[in-house]
Amino acid sequence: MRRFKKHIFLAVSALLVICAAACFIGMSRLAGLLESQKAARRWAGESELRMTQISCFLPRDGGIEVNDVYKFRQDLAKMLEEASLETPEGGSLYADAYCAAGEITVAGARGSATVTATGVGGDFFMFHPMLLRSGSYIYSDDPTTDRVVLDEELAWRLFGSSDLAGMTVTIGGEPYIVAGVVSRESDFASRRAYSEGEGLYMSYDALAKNAEVKISCYEIAMPDPVSGFAANIVKELFPLGDGVMVENTGRFGLSKMFSII
């Protein structure tokens, strides 16, 4: 009887180990679907320099100003130089992006809607490469700030179409050109995050003209030659306040999962 119980115990234990391993593998594969978690890989390209992606999430009522981002960039450049990391000629060692959210009213050919607008800066669409249905993204080096990107739902509501590049919407009594139309990220995490209905993307400066907003999210892909190097720099230099910092790269990897357990 004792031997039989021992065999049952071993069989159940083996089954639980197999189930746990299957869960870890499943979570790792799900994480691979999150394009917003792969910015470090995209930024590294063919470079052999190890990169990592870090996100800083700030409370909307306690966010930061764009000048805080500029100061962080200056301090970061000095820190990277002191660490003997050379900036490539005509390039940059890091890519970053920031965003804020505010409510605006936008009008198109078939009506108007009050929606949540995301004001973006930096290389936002490198971090969030949403599927373009038409047109193009907006960029931080655009000569003007009067271009917007609509999500597909809002495009159909305002125009009854998603092929809108070059069309015009009105925000705050001023015309804005539709640069493109995107499908929002459709992974499970993004569906939970974007639960406020239709929306659009515009430059942070343009949104700040139409609503009182502060930056609530900052993201960076930067060198991490030694594990923890980048995270420690961001912790030291970035004005996180009551916010939360997350190192995205490898966050859902098997080694991280086992370390959590």
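**Entry 1: S84**

I began with S84, which lies in the loop between α3 and β2 (95-108). The model I am reading is a predicted one. I looked up the backbone of S84 and found a positive phi of about 65°, although this residue is not a glycine. I recalled that most residues other than glycine have a negative phi. I then asked whether S84 counts as buried or exposed. The relative accessibility of S84 is 62%, so I entered this residue as exposed, the cut-off being over 50%.

**Entry 2: A77 in helix α3**

I turned next to A77, whose place is in helix α3. Its relative accessibility is 40%, and I therefore recorded A77 as partly exposed. I also looked up the separation of A77 from T87, which is 10 residues away in sequence. From C-alpha to C-alpha, A77 and T87 are 9.0 Å apart in space.

**Entry 3: α3 against α8**

I examined how helix α3 (residues 66-82) is placed relative to helix α8 (residues 229-237). The two axes come within 11 Å and cross at roughly 135°. That angle falls outside the ranges for roughly parallel, antiparallel and perpendicular, so I classed α3 and α8 as oblique to each other. I noted the crossing of α3 and α8 as right-handed.

Which residues make the contact? On the α3 side I listed F72, D75, L76, M79 and L80. On the α8 side I listed F229, I233, V234, E236 and L237. Sorted by class, the contact of α3 with α8 has eight nonpolar residues, two charged residues and no polar ones.

**Entry 4: D61**

I located D61 in the loop between β1 (51-57) and α3. With a relative accessible area of 74%, D61 is exposed. I then looked up D61 together with S216, which is 155 residues away along the chain. The C-alpha atoms of D61 and S216 are separated by 8.5 Å.

**Entry 5: the chain as a whole**

I recorded nine helices and 10 strands as the secondary structure of the chain. Of the 261 residues in the chain, 41% are buried. What share of the contacts between residues at least 6 apart in sequence joins residues at least 24 apart? I found that share to be 74%.

**Entry 6: confidence**

I closed with the confidence of the prediction. The chain averages a pLDDT of 84, and 78% of the residues score at least 70. Over residues 188-195 the pLDDT is below 50, and I noted eight contacts in the model for this stretch beyond near neighbours in sequence. Residues 253-261 also have a pLDDT below 50, and this stretch has 11 contacts in the model beyond near neighbours in sequence. I added the reminder that predicted coordinates should not be read in detail where pLDDT is low.

Note on methods
Residues numbered from 1 in each chain as written. Predicted model: local features only at pLDDT ≥ 70, side-chain atom pairs only at ≥ 80, totals over all residues. Heavy atoms only, no water. pLDDT = per-residue confidence, 0-100. Contact = heavy atoms within 4.5 Å. Axes fitted to C-alpha atoms, helices over the stretch in contact; angles between N-to-C directions. Helix = DSSP H or I, 4+ residues; strand = E, 2+ residues; numbered from the N terminus. Parallel < 35°, antiparallel > 145°, perpendicular 65-115°, else oblique. Left-handed = near helix turned anticlockwise from the far one by under 90°. Nonpolar A, V, L, I, M, F, W, Y, C, P; charged D, E, K, R; others polar. Buried < 20%, exposed > 50% of the residue type's maximum accessible area, 1.4 Å probe, protein only.
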